[in-house]
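Q: I have a structure open and would like to go through its contacts. May we begin with the charged pairs and then turn to the core?
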Amino acid sequence: MAIIMLIAIPRFSYAKNTSSASIDGVYITSNEGTYKTGDTISFEVRFSEDIEIPLVLRLKIKIGENSRSVDQLDEEGQGKIIKYSYTIKENC
């Protein structure tokens, strides 16, 4: 099963400064291997600088031919990392 992550996160200014943080990468933090229905996959989006945002950012992922949007785990993003989790559903 192929997992392709598409980033649906816009550039934004964070509260402590007027410059923009950039995305350093999106990483799967779950154990390596093959995933099946019922497995939970954890992701992280890592930024170049600390961010502080009062809104929820969604990560758009693609599993096989189907796309899904995943909400961040914390309600408020801050620091250099935003964490996500997705449980694979049947006929995903």
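A: Certainly. This is a predicted model. In it, Lys-36 forms a salt bridge with Asp-39, and the closest N and O atoms are 3.5 Å apart.

Q: Is Lys-36 buried or exposed?
A: Lys-36 has a relative accessible area of 54%, so it counts as exposed, the cut-off being over 50%.

Q: How many salt bridges does a search of the whole structure find?
A: Two are found. Besides the pair just described, Arg-46 forms a salt bridge with Glu-44, with 3.0 Å between the closest N and O atoms.

Q: And how accessible are Arg-46 and Glu-44?
A: Arg-46 is partly exposed, at a relative accessible area of 31%. Glu-44 has 12% relative accessibility and is classed as buried, because the limit for that class is under 20%.

Q: Now the core. Which residues of the largest nonpolar core touch the most other members?
A: They are Phe-43, Leu-59, Ile-61, Tyr-84 and Tyr-86, out of 17 residues in that core.

Q: Which strands each supply at least two residues of this core?
A: Strand 3 (40–53), strand 4 (58–63) and strand 6 (77–87) do. Strand 3 gives the most, with five residues.

Q: Why would such side chains be grouped together?
A: As a general tendency, nonpolar side chains in soluble globular proteins are buried together.

Q: What is Tyr-86 in contact with, leaving aside neighbours within four places in sequence?
A: Tyr-86 is in contact with Asp-39, Thr-40, Ile-41, Phe-43, Ile-61, Ile-63, Arg-68 and Val-70. Among these, Asp-39 is also the salt-bridge partner of Lys-36, while Phe-43 and Ile-61 are named with Tyr-86 among the core residues that touch the most other members.

Notes
Residues numbered from 1 in each chain as written. Predicted model: local features only at pLDDT ≥ 70, side-chain atom pairs only at ≥ 80, totals over all residues. Heavy atoms only, no water. Core = buried A, V, L, I, M, F, W, Y, C linked by side-chain atoms within 4.5 Å. Buried < 20%, exposed > 50% of the residue type's maximum accessible area, 1.4 Å probe, protein only. Helix = DSSP H or I, 4+ residues; strand = E, 2+ residues; numbered from the N terminus. Contact = heavy atoms within 4.5 Å. Salt bridge = Lys/Arg side-chain N within 4 Å of Asp/Glu carboxyl O.
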